[in-house]
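Student: Hi! Can we go through this structure together? I'd like to begin with charges and rings.

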Amino acid sequence: MPVKPTVTVLAGPTAVGKGTVSTYIRDHYPQVWLSVSATTRAARPGEVDGVHYFFVSDDQFDSMVSDNDLLEWAVVHNSHRYGTPRQKVEEALAQGRSVLLEIDLQGAREIKRTLPTAQFVFLAPPSWDEMVARLVGRGTETPEQQQRRLETAKVELAAQPEFDHTVINDSVERAAAELVELMGLPAQQRD
Ligand code: 5GP
């Protein structure tokens with residue numbers, strides 16, 4: 001049976017590893033059409049414009065917002081703006097592709113309002129303790145900063161019931177395979 005092209009939204013708490021899972025999918029599952037977001041943040045070493053993000057200026061982002069070029073957008077971590085280019089997603093769907101959006105919780109909620117037929121997947125940590133270890137682990141933050149991040153994580157974890165499915169990020173390969181399966185796509189990987 002041919003797969004009906006749909007939009008799947010992957011969201012979850014900060015530091016749960018969404019970026020790692022979506023990178024794995026981009027590298028191993030060409031059957032998934034992964035949306036490339038626009039962002040006003042600067043590229044990190046190794047990031048390529050048009051592959052990891054479209055790196056745009058504040059003015060360019062303003063124009064995208066006023067021209068209604070974004071399916072959703074949000075200010076993430078109180079700093080930079082990130083958004084999903086609308087036209088590219090619509091073109092991919094028109095070509096029969098299954099689309100994956102890896103976005104933050106605010107973006108996921110906006111998509112729920114504007115595209116209620118999308119499927120919503122929550123990426124969760126294996127346990128609260130593991131999440132604490134990841135957030136605190138680097139040892140680069142002050143105890144106050146760590147406390148703030150943990151409070152944020154608690155609020156973000158509480159969003160889980162808003163989602164259709166939960167995938168536990170116990171291993172990147174396994175979580176990616178489960179997500180591809182939830183998208184109704186064949187799970188063959190490219191090496
Ligand atoms: P980073 O700057 O580390 O690549 O990403 C920071 C956060 O931005 C991640 O939580 C990621 O899910 C979120 N993000 C990336 N692209 C988008 C987007 O297009 N829209 C929204 N709302 N969030 C995004």
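Tutor: Happy to! A charge sits over a ring if NZ of Lys or CZ of Arg is within 6 Å of the ring centre and within 35 degrees of the ring normal. This is a predicted model, where local features need pLDDT of at least 70, side-chain atom pairs count only at pLDDT 80 or more, and totals for chains, interfaces and linings use all residues. Residues are numbered from 1 along each chain as its sequence is written, and side-chain values use heavy atoms, leaving out hydrogens and water.

Student: Okay, so which ring does the charged end of Arg 81 sit over?

Tutor: That of Trp 73, with 6.0 Å to the ring centre. Lys 112 also has its charged end over a ring, that of Phe 120, 5.4 Å from the centre.

Student: Cool. Now the ligand: which residues are closest to it?

Tutor: Ser 37, Arg 41, Tyr 53, Tyr 82 and Glu 102 are the closest of the 15 residues that surround the ligand; to count, a residue needs a heavy atom within 4 Å.

Student: And how far is Tyr 82 from an oxygen atom of the ligand?

Tutor: A polar side-chain atom of Tyr 82 lies 2.5 Å from a ligand oxygen, and one of Arg 41 lies 2.7 Å from a ligand oxygen. Both are polar contacts (a pair of N or O atoms within 3.5 Å; within protein, one must be able to donate a hydrogen and the other to accept it, and residues adjacent in sequence count only if both atoms are side-chain atoms).

Student: New topic! Is strand β1 mostly covered or uncovered?

Tutor: Mostly covered: five of its five residues, 7-11, are buried, meaning under 20% relative accessible area, with exposed over 50% and partly exposed in between (1.4 Å probe, protein chains only). Strands are DSSP runs (E, at least two residues), as are helices (H or I, at least four), numbered from the N terminus.

Student: Which way do the β1 residues point?

Tutor: Val 7, Val 9 and Ala 11 point one way, and Thr 8 and Leu 10 the other. In a regular strand, side chains alternate between the two faces of the sheet.

Student: What does β1 pair with?

Tutor: With β7 (98-102), parallel over four bridges, and with β8 (119-124), also parallel over four bridges. Pairing takes at least two DSSP bridges between the strands. Val 7 partners Val 99 in β7, while Ala 11 stands opposite Phe 122 in β8.
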